[in-house]
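This report looks at how helices and strands pack in one chain. Please have the coordinates open while reading.

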Amino acid sequence: MTAEFVELSRDERCPCRSGRKYGRCCGQKAFSFGRNAAGELVKQTKLVPEAAEIIRAERDRYTAYYGRPPSKEDLLFAFSLNPADSIYSLARDLLKHDVLPPDIIYAYCRSDGLMPVEGNLDVISDGDLAEFTDLRNEYDELAETPDDGSHPTAVWFVTNGNGYIGQVIQEVLPAVRMVLSDFLARHSEQGDFVDFQIKTPVDYANFSAHKSMKTIRTIEKLCEHSMPEAIYALTRGLLENYLYLNTIANDPTFFEQKVAPRADRANFAFAVKDGRIDYNRVIHQATGAEQSIWVTNRALLKHATATDRDLFDLFYQTACQFVHVDVLSARAYFHEADPFDELDPSSLATLVAAVLSGQLISALSRIPGVDARMPADAVHFLRKLSDPMSISLQLASSDPEHKNEVWAVLKRVVDSWGLESEVVDT
Ligand SMILES: [Zn+2]
């Protein structure tokens with residue numbers, strides 16, 4: 001409060017670390033240094049018109065939401081400043097969208113929010129401006145590729161790693177969507193999805209391709225907006241859909257016994273017990289025979305490879321850190337990744353989604369009844385993706401400070417795409 005603020009005397013040493021006297025340093029700027037009633041150093045500056053505008057909007061919102069204007073005890077900007085938004089997440093967004101050169105974002109991040117621009121130089125002390133320049137130079141040194149064979153820095157690793165992985169996912173996901181679109185084109189006609197019914201394994205494959213295209217489109221958007229939690233939540237659908245397809249491809253009875261009765265409303269109805277619908281059991285309308293359509297993880301993993309089984313466990317361990325409601329699992333919510341020390345969590349989540357959508361394409365191509373060219377086309381497509389995805393996963397797993405076994409298992413998956421032998425026409 002102004003009443004408690006006493007400006008420093010001109011002869012005091014300036015607190016901005018410039019070494020000059022206050023009157024010849026920050027005393028000439030558009031802000032003042034002084035002390036409050038408790039004797040603490042305080043920087044006082046005029047509100048810019050934009051801030052006054054936000055405060056006015058906040059007052060209106062208070063009245064609209066709570067039926068009262070904010071009182072003296074209420075916080076300013078409570079609606080617009082989320083305490084969970086850290087400088088790290090802001091810096092990551094700036095980096096991701098190439099808004100500013102990385103050295104400036106690094107200095108912004110490490111100076112805890114300084115951002116000198118032409119219009120605000122008179123409200124930033126010379127000491128802070130000097131620190132900002134030092135930090136920009138520090139970034140340039142850390143980001144340099146070592147030419148003497150020494151280990152690159154974390155800043156180098158993260159900058160280059162994010163660049164590479166970002167480029168790979170930007171190429172892979174649209175390619176995957178196009179292959180899914182082609183899959184639909186090969187197995188359905190315009191208008192089929194208006195009143196779509198699942199009667200055959202190929203119908204189920206079409207449903208999966210259609211659903212996965214939408215999921216991947218959404219994941220691309222979520223990655224742009226840095227939302228790893230939502231990406232993992234959706235990626236779970238890709239994994240489970242893949243396991244269903246893989247089981248249908250390997251076990252001819254699975255579709256008939258577990259999938260078809262669920263969708264076939266003409267011949268089956270859900271069982272009813274004590275007035276409640278049991279969604280895990282169906283009754284055949286004509287014969288009255290009751291059967292279980294309950295699908296266990298064990299059944300879905302029965303035909304999966306050892307790598308798929310490892311992936312299943314590790315995927316859930318990883319995803320749960322982002323999506324679980326239990327605080328013991330949801331560790332990601334208590335950790336904000338430093339954008340210059342950790343690879344971008346949403347790019348990594350998207351990389352997981354990319355691997356699982358590749359697996360999904362592989363399983364789709366093996367569904368009984370699909371177009372005969374599909375298996376060989378899928379093998380060729382995945383083989384092309386193998387190398388860049390493998391390098392991305394190698395990068396993810398080579399961060400010594402943020403270990404997760406899931407990267408090695410995902411790498412095993414994409415490496416197997418590269419090894420897959422040519423499909424022989426039968
Ligand atoms: Zn100063």
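Two strands count as paired if DSSP finds at least two bridges between them. The model is predicted. On that basis, β4, β5 and β6 form an open sheet of three strands, in the order β4-β5-β6. The pairing is antiparallel. β4 and β6 (290-292) stand at the edges, each with a single partner strand, so one side of each has no neighbour in the sheet. Direction ignored, neighbouring strands of this sheet are turned by 55° against each other on average.

**Strand pairs**

Strands of a sheet pair through backbone hydrogen bonds, either parallel or antiparallel. The table lists three antiparallel pairs.

| Strand 1 | Strand 2 | Bridges |
|---|---|---|
| β4 (residues 268-273) | β5 (residues 276-284) | six bridges |
| β1 (residues 6-7) | β2 (residues 31-35) | two bridges |
| β2 | β3 (residues 41-45) | five bridges |

Some partners can be named. Alanine 271 has aspartate 278 in β5 as its bridge partner. Phenylalanine 270 stands opposite valine 282, also in β5. Valine 6 is bridged to arginine 35 in β2. Serine 32 is bridged to glutamine 44 in β3.

Two hairpins follow from the chain path. Which residue takes a positive phi in the hairpin of β4 and β5? Aspartate 274 does, with phi near 50°. That hairpin has two residues between the strands. The hairpin of β2 and β3 has five residues between the strands. There, glycine 39 takes a positive phi near 85°.

**Helix packing**

Two packed helices are described by the angle between their axes and the distance between the axes. Consider α7 and α11. Helix α7 spans residues 228-250 and helix α11 spans residues 345-365. They pack at an angle of about 15°, with their axes 9 Å apart. Angles under 35 degrees count as roughly parallel, so α7 is roughly parallel to α11. The crossing of α7 and α11 is left-handed.

Which residues make the contact of α7 with α11? On the α7 side they include Ile231, Tyr232, Leu238, Leu239, Tyr242 and Leu245. On the α11 side they include Ala349, Val352, Ala353, Leu356, Leu360 and Leu364. Polar residues take part too, among them Thr235, Asn241 and Asn246 in α7 and Ser346, Thr350 and Gln359 in α11. By class, the contact has 16 nonpolar, seven polar and no charged residues.

The second pair is α2 and α3. Helix α2 covers residues 87-96 and helix α3 covers residues 102-110. Their axes come within 10 Å and cross at roughly 175°. Over 145 degrees counts as roughly antiparallel, so α2 is roughly antiparallel to α3. In α2, Ile87, Tyr88, Ala91, Leu94 and Leu95 make the contact. They meet Pro102, Ile105, Tyr108 and Cys109 in α3. By class, this contact has nine nonpolar, no polar and no charged residues.

**Domains**

How is the chain divided? Domain 1 covers 84-143. Domain 2 has two segments, 155-251 and 303-419. Domain 3 covers 259-294. Taken over C-alpha atoms, the centres of domain 1 and domain 3 are separated by 62 Å.

Technical notes
Residues numbered from 1 in each chain as written. Predicted model: local features only at pLDDT ≥ 70, side-chain atom pairs only at ≥ 80, totals over all residues. Axes fitted to C-alpha atoms, helices over the stretch in contact; angles between N-to-C directions. Helix = DSSP H or I, 4+ residues; strand = E, 2+ residues; numbered from the N terminus. Parallel < 35°, antiparallel > 145°, perpendicular 65-115°, else oblique. Left-handed = near helix turned anticlockwise from the far one by under 90°. Contact = placed C-beta atoms within 7 Å. Domains from an automatic or database assignment.
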